[in-house]
Amino acid sequence: MIRLDGVGKTFRGRDGAEVEALRDVSLNVAEGEFVAIVGASGCGKSTLLRLVAGLVGVSAGGVSLDGQAVTAPRAETAMVFQAATLLPWADVLRNVTFPLRLMGRMERDTEDKARALLATAGLAGFEGRLPRELSGGMQQRVAICRALLQEPRLLLMDEPFGALDALTREEMSIELLRLWAARRMGVLFVTHSIPEAVLLADRVVVMSPRPGRIVDVVEVALPRPRSFDQEGSDEFQRCARRIRAHIFGERAARAA
Amino acid sequence: MARLKAGLPAWLAVIGMFVVWEGAVRVFGIREFLLPAPSAIFVATVGAWPNVLRHTMATLGTVMLGFAASVVISLPLAMLIASSRAISAAIYPLLVVTQSIPKVALAPILIVALGANELPRVIVTFLVAFFPLVVSSVAGLLATPPELVELGRACRAGRVQELLRIRLPFAVPFVFGGLKVAAALSVVGAVVAEFVGADAGLGYLIQTSMAFFRTPLAYGAVVILALMGILIFQAVTLIERILFPWSSGSEQSAPPSA
Ligand SMILES: Nc1ncnc2c1ncn2[C@@H]1O[C@H](COP(=O)(O)OP(=O)(O)OP(=O)(O)O)[C@@H](O)[C@H]1O
Ligand SMILES: [Mg+2]
């Protein structure tokens, strides 16, 4: 469905200095596939997501969705940012429907769908609350509902649980898998947590920095539905070890 | 009820001040045309009431028109400035120039140019009041977190939509901050204009009263001006609280984690 072909991205800083954020990145995400991206800070994960979202343009190579070049944000993709980025003036329900209202895609049953979605995310009864009346985890769930309500075929998530504590994080991962299983869209999921990546994804893309590039793609052959009980399994350990070796092996090499 | 209680210390302070004032004037026998006692101010003001009311309404008219003009002109101006760097570079210096001209100096010129009617007074009021409103509105529009702007872009919002659906709502608390300053300054502006050229209004009343050493009446006019400022300020606060509850509440609580 989504296809990155030799994608490169170079930013020109304010002082004119160039930063090569991505070099020669090629990646496919199939319809309904869950792909996680891990890598050290600054290796271009967010940039990669923003390229796929059509928020920034490529410097080299190409990004295409169903064979069409991505040059601007598209209706088929939805993004969950690292911070919840809710509108502080709108209540939960209006936050969740905001993208559809903005795009003029509100239908008669959209609000009911939003309520149902909020209920599955454990937010029933909070539709009329303002974002600042919610906990961080609840805000993030609202942000995820907002993306899901757009019924995207491709969901882009940039460290969506980054601001959450470990407990909420585990709970949210399982919840996300449940929601994903119910509607089967392609997911590109950036995270700093290796266990999270292995637990969630069909494939884990490992990136390395300066310039950002893909160093390995790890297939996770764990059966679904997944749970944290699988963390002890051999397959889980194998995947996690392999990813860790790429990330920390490199760090050790750089330190030497 | 809780709010009345919260306002109690302020009321006590004001009442205490008047008591001390009244007592000092009586004990030290201060002459009335130098510093009238609160009771004398009250008597003088009530004694001339129909007249005082007429002047109050005249000033209130100028204040409201000037304030309305500030709002109607400042908000679109702020959006224009915030939407383009080139426009902002062109307009901002002009605005600063209007601010560095003393309005007292401008008032007589405007009256000669536009005639001795309401218009030059409204313009002076506007010139005194609008600048902080523009500045704080622009600040609000530009302070919109880049994440929210990016959210808008990801939802395929155009520039106009971004301005109206994301930046403008975000700027509401800033706009109201500016409105409160503009409300207070409108009263100042109207009185400045009346000092220079008017045949009615509290500014005019103060001038004519002082010319005839009717100091208590002048003081009465000053008190009414202060009350007018407070009332308009409170009205703005009330409108904010009713129409934009998230805005007034967010002052106390932590900023939204956006
Ligand atoms: N708009 C920009 N202008 C200039 N440089 C940028 C810009 N965005 C990103 N960069 C640079 O590109 C590189 C990759 O940034 P990116 O945000 O994609 O990293 P990341 O992998 O998401 O990091 P983190 O895990 O910390 O979020 C960094 O070196 C960063 O300085
Ligand atoms: Mg990032």
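In this predicted model, the largest cavity is lined by 13 residues, and those nearest its centre are Thr77(A), Ala78(A), Met79(A), Gln150(A) and Ala154(B). The space in this cavity comes to about 100 Å³. Two elements each supply at least two residues of its lining: strand 6 (77–80) of chain A and helix 7 (146–154) of chain B. Of the elements, strand 6 of chain A gives the most, with three residues. By class, the lining of the largest cavity consists of nine nonpolar, two polar and two charged residues. Over the whole structure, the search finds four cavities of 30 Å³ or more.

The largest pocket has a volume of about 840 Å³. Helix 1 (2–28), helix 2 (38–47), helix 3 (49–83) and helix 10 (215–243) of chain B are the elements that give two or more residues to its lining. There are 24 lining residues in this pocket, and Trp11(B), Val14(B), Leu227(B), Ile230(B) and Leu231(B) lie nearest its centre. The lining of the largest pocket divides into 18 nonpolar, five polar and one charged residues.

**Chain B**

Chain B contains 11 helices and zero strands, and along the sequence its pattern is α-α-α-α-α-α-α-α-α-α-α. Taken along the principal axes, its C-alpha atoms fill a box of roughly 75 × 50 × 30 Å. An unreviewed UniProt entry lists "transmembrane region" for residues 6–24, 33–52, 58–82, 94–116, 122–143, 164–197 and 217–239 of chain B. In the model, residues 58–82 of chain B are 100% helix and 0% strand, with the end C-alpha atoms 36 Å apart. Residues 217–239 of chain B are likewise 100% helix and 0% strand, and here the end C-alpha atoms are 33 Å apart.

**Chain A**

For chain A, UniProt (unreviewed entry) places the feature "domain: ABC transporter" at residues 2–234. That span is 30% helix and 27% strand in the model, and its end C-alpha atoms lie 31 Å apart.

Six strands of chain A form an open sheet with mixed pairing, in the order 6-7-8-3-9-10. Strand 6 and strand 10 of chain A are the edge strands, each pairing on one side only. From one strand to the next, the twist averages 20°. Strand 6 of chain A is thus named twice in this report, here as an edge strand and above in the lining of the largest cavity.

Strand pairs of chain A are set out below.

| Strand pair (chain A) | Sense | Bridges |
|---|---|---|
| Strand 7 (residues 154–158) and strand 8 (residues 186–190) | parallel | five bridges |
| Strand 9 (residues 203–208) and strand 10 (residues 213–219) | antiparallel | six bridges |
| Strand 4 (residues 60–65) and strand 5 | antiparallel | two bridges |

Individual partners can be placed within these pairs. Met157(A) has Phe189(A), in strand 8 of chain A, as its bridge partner. Val206(A) stands opposite Asp216(A), which belongs to strand 10 of chain A. The hairpin of strand 9 and strand 10 of chain A has four residues between the strands, and in it Arg210(A) takes a positive phi near 50°.

Two helices of chain A can be described against this six-stranded sheet. Helix 5 (residues 166–183) of chain A packs on the sheet and touches strand 3, strand 7 and strand 8, with its direction making about 145° with that of strand 3 of chain A. Helix 1 of chain A lies across strand 3 (34–39), strand 6, strand 7, strand 8 and strand 9, and runs at about 155° to strand 7 of chain A.

A further open sheet of chain A has four strands in the order 2-1-4-5, and its pairing is antiparallel. Strand 2 (18–29) and strand 5 (68–69) of chain A each have a single partner strand, so one side of each is left without a neighbour in the sheet. In the pairing of strand 4 with strand 5 of chain A, Ser64(A) has Ala69(A), in strand 5, as its bridge partner.

Helix 1 (residues 45–53) of chain A also lies across strand 1 (2–12), strand 2 and strand 4 of chain A, running at about 120° to strand 1. Helix 1 of chain A therefore has strands of the four-stranded sheet on its list, as well as strands of the six-stranded sheet.

Key:
Residues numbered from 1 in each chain as written. Chains lettered and ligands numbered in written order. Predicted model: local features only at pLDDT ≥ 70, side-chain atom pairs only at ≥ 80, totals over all residues. Heavy atoms only, no water. Pairing = 2+ DSSP bridges. Contact = heavy atoms within 4.5 Å. Axes fitted to C-alpha atoms, helices over the stretch in contact; angles between N-to-C directions. UniProt positions renumbered as here; feature names shortened; annotations may be inferred. 1 Å grid on protein atoms, 1.4 Å probe; cavity = no way out; pocket = protein on both sides within 12 Å on 5 of 7 lines; lining within 4 Å. Points joined across faces, edges and corners; volume = space filled by probe spheres on them. Nonpolar A, V, L, I, M, F, W, Y, C, P; charged D, E, K, R; others polar.
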